[in-house]
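The following exercises concern charged side chains and their surroundings in a predicted model. Each task is followed by a solution in steps.

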Amino acid sequence: MAGFDKVVTSYSEAMAGLEDGMTVIAGGFGLCGIPEGLIAQIKRQGTRDLTLVSNNCGVDGFGLGLLLEGKQISKMIASYVGENALFEQQLLSGELDVELTPQGTLAEKMRAGGAGIPAFYTATGVGTPVAEGKETRTINDRDYLLEPSITGDFAIVKAWIADRYGNCIYRHTAMNFNPIAATAGKITVLEVEEIVEPGELEPSQIHTPGIYIDRVIKSEFEKRIEKITTQPAEQ
């Protein structure tokens, strides 16, 4: 990296430093806004014993589901896992440690981690298995759980467009978990559809400032649709 220029030209350079046993936070929701190329690079590298933090674990054969094929993930922290048969199989066989987390709590864990907040109280999960083993406190006559925040050794995120300094803009629903994931990694790698020169992006439109981004790589995306729904043709 030369000065503020964070652009790298190879996936091996983008994911340099990722080692066995690390924690990786991944942006995306379902298959929307996922860093496809960065996930594929982790598969190629063969990095193992990873803790993955993401809303879900992709689908069979795509997204984070690729990493399940080689049993590269040892623990998954997620809020939804229903679209991946291999995930279910590894969970039930005991090969995969799974920490199911309410979706809003998961989002706040990432946001708090990125903001330097070590833990926070939430009413979500009180009186359910989510509360097992956690500190509880009554505030204003309501019970709350103390939830630790989450940070990762790496965060991998996807944006629509970025400049060479890492300032980026997400597109529509592909924003989802990406902005908060971007703040929570010790090393944050950004995969984008287009890279422009500094000054070309309208400052008021930038979602994640480059201060949070360590590496930027341009890619082509398949953007697979998880469930295709079409209108029947008129007779």
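**Exercise 1.** Determine how far apart the closest N and O atoms of the Glu193 and Lys223 side chains lie, and where the two residues are placed in the chain.

*Solution.*
Step 1. The N to O distance between the side chains of Glu193 and Lys223 is 3.0 Å. The cut-off for a salt bridge is 4 Å, so the pair of Glu193 and Lys223 qualifies as one.
Step 2. Glu193 belongs to strand β10 (residues 185–196), whereas Lys223 lies in the segment after β11 (215–218). With their positions 30 residues apart in sequence, the pair links distant parts of the chain.
Step 3. Glu193 has a relative accessible area of 23% and is partly exposed. Lys223, with 46%, is also partly exposed.

**Exercise 2.** Classify Lys134 and Glu147 as buried, partly exposed or exposed, and state which residues form a salt-bridge network with them.

*Solution.*
Step 1. Lys134 and Glu147 form a salt bridge in which the closest N and O atoms are 2.7 Å apart. Lys134 sits in the loop between β5 (119–122) and β6 (136–139), and Glu147 in strand β7 (residues 142–148), 13 residues apart.
Step 2. Buried means under 20% relative accessible area. Glu147, at 1%, is therefore buried, whereas Lys134, at 28%, is partly exposed.
Step 3. The network of salt bridges links Lys109, Lys134 and Glu147.

**Exercise 3.** Identify the helices that the salt bridge between Glu69 and Lys43 connects, and give the total count of salt bridges in the model.

*Solution.*
Step 1. The side chains of Glu69 and Lys43 form a salt bridge with an N to O distance of 3.4 Å. This pair joins helix α3 (residues 65–69), which holds Glu69, to helix α2, which holds Lys43; the two residues are 26 residues apart.
Step 2. Relative accessibility is 44% for Glu69, which is partly exposed, and 32% for Lys43, which is likewise partly exposed.
Step 3. The count of salt bridges comes to twelve.

**Exercise 4.** Describe the surroundings of Asp49: its place, its exposure and its contacts.

*Solution.*
Step 1. Asp49 is located in the loop between α2 (36–45) and β2 (50–53).
Step 2. Its relative accessible area of 46% makes Asp49 partly exposed.
Step 3. Leaving aside residues up to four places away in sequence, Asp49 touches Gly21, Met22, Gln72 and Ser74.
Step 4. Gly63 is 14 residues from Asp49 in sequence, and their C-alpha atoms are 18 Å apart in space.

Terms used: Residues numbered from 1 in each chain as written. Predicted model: local features only at pLDDT ≥ 70, side-chain atom pairs only at ≥ 80, totals over all residues. Heavy atoms only, no water. Helix = DSSP H or I, 4+ residues; strand = E, 2+ residues; numbered from the N terminus. Buried < 20%, exposed > 50% of the residue type's maximum accessible area, 1.4 Å probe, protein only. Contact = heavy atoms within 4.5 Å.
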